[in-house]
Amino acid sequence: MPDTVSLEIGGRTLIIETGELAKQANGSALIRYGDHNVVLAAVTASEKPREGIDFFPLTCDFEEKMYAAGKIPGGYIKREGRPSEHGVLSARQIDRPIRPLFPEGFQNDVQIITTVLSIDPELDADVLAVCAAGAALAVSDIPFDKNVAAVRVGRHDGKFIINPTLPQYETGGMEIVVAGTMDAVMMVEGGGHEMTEEDFLGAVAFAHDEIKRIVKQIDALAKKHGKKKRVYPLKTVDATLKAWVEKTFKKDVAKAMRIIEKAERNAAFEKLGKDEAIARCKKTDAAILEMLQDPAKSKDFGKILKGMEEEELRVMVVDEKIRPDGRKAGEIRAIWSKVSYLPKVHGTGLFQRGQTQVLTAATLGSISDEQRLDGIMAIPNKRYMHYYNFPPYSVGETRPMRAPGRREIGHGALAERALIPILPPEEEFPYTLRLISEVLESNGSSSMASVCGSTLALMDAGVPIKKHVAGVAMGLILHGKKHAILSDIQGLEDALGEMDFKVAGTVDGITAIQMDIKVAGITIDIMREALVEAKKARLFIIGKLVETIPEARKELSQHAPRMIVLQIDPDKIKSVIGPGGKVINKIIADTGVKIDIENDGRVFIAGPNGEGAEKAKKMVEALTKDVVVGQTYMGTVTRLMNFGVFVAVLPGKEGLVHISQLAPGRVEKVEDVVKVGDEIMVKVMEIDSQGRVNLSRKAVLGGGTDDEESTPRPPRGNGEFKPLGGPSGPPGGDRGGPSERSGGGRRRRE
């Protein structure tokens, strides 16, 4: 039997188990939540540190198994392969709060694999995976400073709720994932429909209270059933070498840190490399020279130098109140932007802030272009997609071009989340939207620059968004008991600082937020201070965007497809499609449009120009229109009979013009008046109980009608008109002759 702890979270029972599954891993934990959700986490560490690295090699994976939702993967390949976008984002949410909690200098490979074994498709398992990973680390023998857990916060009826379902956070206007320890918040990710800063802080505080309850149970499980922590070697630098480097290069580091231009500053630090250190120690200390020439110890030099850079940054920002590029703490870098940069693209926005430059291109497509998702979650198809690309030249480097990595996917998802709340609904703007942000230069905050570029591109394309959305990255520098909050951090401040706090929104509130830290957590008070400064920065940036394009263009780009939406009776869908798609394919061939038909009767027509779309609209309308009594139609004669003629008034719909209704005077033979293929104007006089349509040409020509023709037409027999003196004939009678007549309920007489 497994060892378990449990508690109530968000109205469901959370059970944490260990000791039954995956026992060869260093630690494992299984979480059961509610009636259907089961997530397993297994954590393993290598026996020895990895040689030749200066970072902590942690890998986190979120494995989505289709059997968990009772599904078989779609398409030709039936085996799970590369992770979905949701899987990548979930893995990042595990990594970010856990990584800072490992001991400094720990360089053994650690792999955390979380596997979704069973799921309620309306309840996201990502936060359960964080809790499972935290519990697995807690019961393992791997050194880990503080236990961690996570919850999702939504809102229902104006109140915060824990771990809402997908429909609840769709309607509640808020969805925030918070991870933390017993003492502090470690990570925040989420968004909402223009949340206020106080709403957001209230949600984080509410989440942290629930996190503490989960961590308390994890602590209890680890205390009773956890393994004794092993002693792993921690990488430390040689104290003698450290003292020599700090003394020798102190002035050089201080000078280089104060160079404003990124390229010049990087060049200055490049000169402070190992070769320079060897040259200096030749004149002073043979023992230091020996250490620098030792491959095992020479790697310490770069680590010591980076530590000096971090300390110098703290002194500058916190004590001297200056930043490496000369700005004040709340000052934003110089901004400029353009729209309509690319002639053929539907909408473009070029946004530059300091040395960060992003070009975003917007493309409009039909509703059939939306992204269809095949995963374990009941996530609807996506009509808005945002992708973020970070080529190596943007930071002056060379490296192989590969598929998007986790960072690119994460930044794209954050920018996507920021814009979704201000997009027009599908019923108002029935387009699929695909935005691509190309980072052309980067010196910090490129993800937030892509938010700004996307706003410009959407407005340039004529997408009717009502408000501008801007984003800014905030930083935190700690020095002793003092700290400084920085607005619009650049790359150096991000790399050496303690926090990257991205906030995006409109003038009225926050739409997306992401916080990562490198220390053991921050307090709500520090977050509140950062949010106050972030709002000031956001409003300033929005003002710059307004100067570039004050509102969305009234007309779509001339290169964008024209979309028309019709609502037809669902029963008429088959009339539009036709047998084997014959009818709809002919419309598409004749007009050059794309047509998508939903089961509820919505018809989406997308054409390269308005003319083709309008033509297709009329054709669909004609196919789905009903014949109306009293209306006049221009019809085509389809058949001649001895008692009258049949006239097609709408596609698939025809009626009978009796010989007495062909002309004002007496007509001996119908051939004397019309022939097959003639177009004549007719008026609908009656639709009888069997759905048969009686038409009159005489009524249109001004000859009036007589009493005989104002009554329903009597039935025929054997193809010959035989008045029976009553309004209707024997059951099953028809007046269509030997030929079957489509659309009017007539059948062939045998």
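Me: Which residue forms a salt bridge with Asp508, and how far apart are the closest N and O atoms?

Reply: In this predicted model, Asp508 pairs with Lys467, and the closest N and O atoms are 2.6 Å apart. Asp508 sits in the loop between β18 and β19 (510-517), while Lys467 sits in the loop between α11 and β16 (470-479), so the pair ties together parts that are 41 residues apart in sequence.

Me: Are Asp508 and Lys467 buried or exposed?

Reply: The label follows from the relative accessible area: under 20% is buried, over 50% is exposed, and partly exposed lies in between. Asp508 has 44%, so it is partly exposed. Lys467 has 24% and therefore also counts as partly exposed.

Me: How many salt bridges does the structure hold?

Reply: The structure holds 53 salt bridges. One of them joins Arg314 to Glu498, with the closest N and O atoms 2.9 Å apart. Because Arg314 belongs to helix α9 (residues 295-319) and Glu498 to the loop between α12 (491-496) and β18 (499-505), this pair ties together parts that are 184 residues apart in sequence. Both Arg314 and Glu498 are buried.

Me: What parts does the salt bridge of Arg639 and Glu654 tie together?

Reply: The side chains of Arg639 and Glu654 meet at 2.7 Å, N to O. Arg639 is in strand β23 (residues 632-641) and Glu654 in strand β25 (residues 653-658), so the parts tied together are 15 residues apart in sequence. Arg639 has 15% relative accessibility and so counts as buried. Glu654, at 11%, counts as buried too. Elsewhere, salt bridges that share partners link Arg323, Asp325, Arg327, Arg333, Arg353, Asp488 and Glu493 in one network.

Me: Which residues does Asp460 touch, leaving out those up to four places away in sequence?

Reply: Asp460 is part of helix α11 (residues 446-461). Its contacts beyond four places in sequence are Val339, Ser340, His346, Gly347, Thr348, Ile549 and Arg553. The side chain of Asp460 also reaches the backbone nitrogen of Thr348, at 3.0 Å. With a relative accessible area of 7%, Asp460 is buried.

Me: Which residues of helix α6 are buried, and why do they line one face of the helix?

Reply: The approach is to look down the helix axis and note where the buried residues point. In α6 (residues 262-271), the buried ones are Lys262, Arg265, Ala268 and Phe269. They fall within an arc of 125° when seen down the axis of α6, so they line one face of the helix. Ala263, Glu264, Glu270 and Lys271 are exposed on the other side of α6.

Me: Where does helix α5 bend, and by about how many degrees?

Reply: Helix α5 (residues 239-257) bends at Phe249, by about 60°. Phe249 is among the buried residues of α5, together with Leu241, Trp244, Val245, Val253, Ala254, Ala256 and Met257. At the N-terminal end of α5, Asp238 acts as a cap, with a side-chain oxygen 2.9 Å from the backbone nitrogen of Thr240.

Me: Where does pLDDT stay under 50?

Reply: Where pLDDT is low, predicted coordinates should not be read in detail. For the protein chain, the mean pLDDT is 88, and 93% of its residues reach 70 or more. Over residues 707-750, pLDDT stays under 50, and the model has 77 contacts beyond four places in sequence for that stretch.

Technical notes. Residues numbered from 1 in each chain as written. Predicted model: local features only at pLDDT ≥ 70, side-chain atom pairs only at ≥ 80, totals over all residues. Heavy atoms only, no water. Buried < 20%, exposed > 50% of the residue type's maximum accessible area, 1.4 Å probe, protein only. Helix = DSSP H or I, 4+ residues; strand = E, 2+ residues; numbered from the N terminus. Arc of directions from axis to C-beta. Polar contact = N/O pair within 3.5 Å; in protein donor to acceptor, adjacent residues only side chain to side chain. Contact = heavy atoms within 4.5 Å. pLDDT = per-residue confidence, 0-100. Salt bridge = Lys/Arg side-chain N within 4 Å of Asp/Glu carboxyl O. Bend = angle between axes of the 7 residues up to and from the residue.
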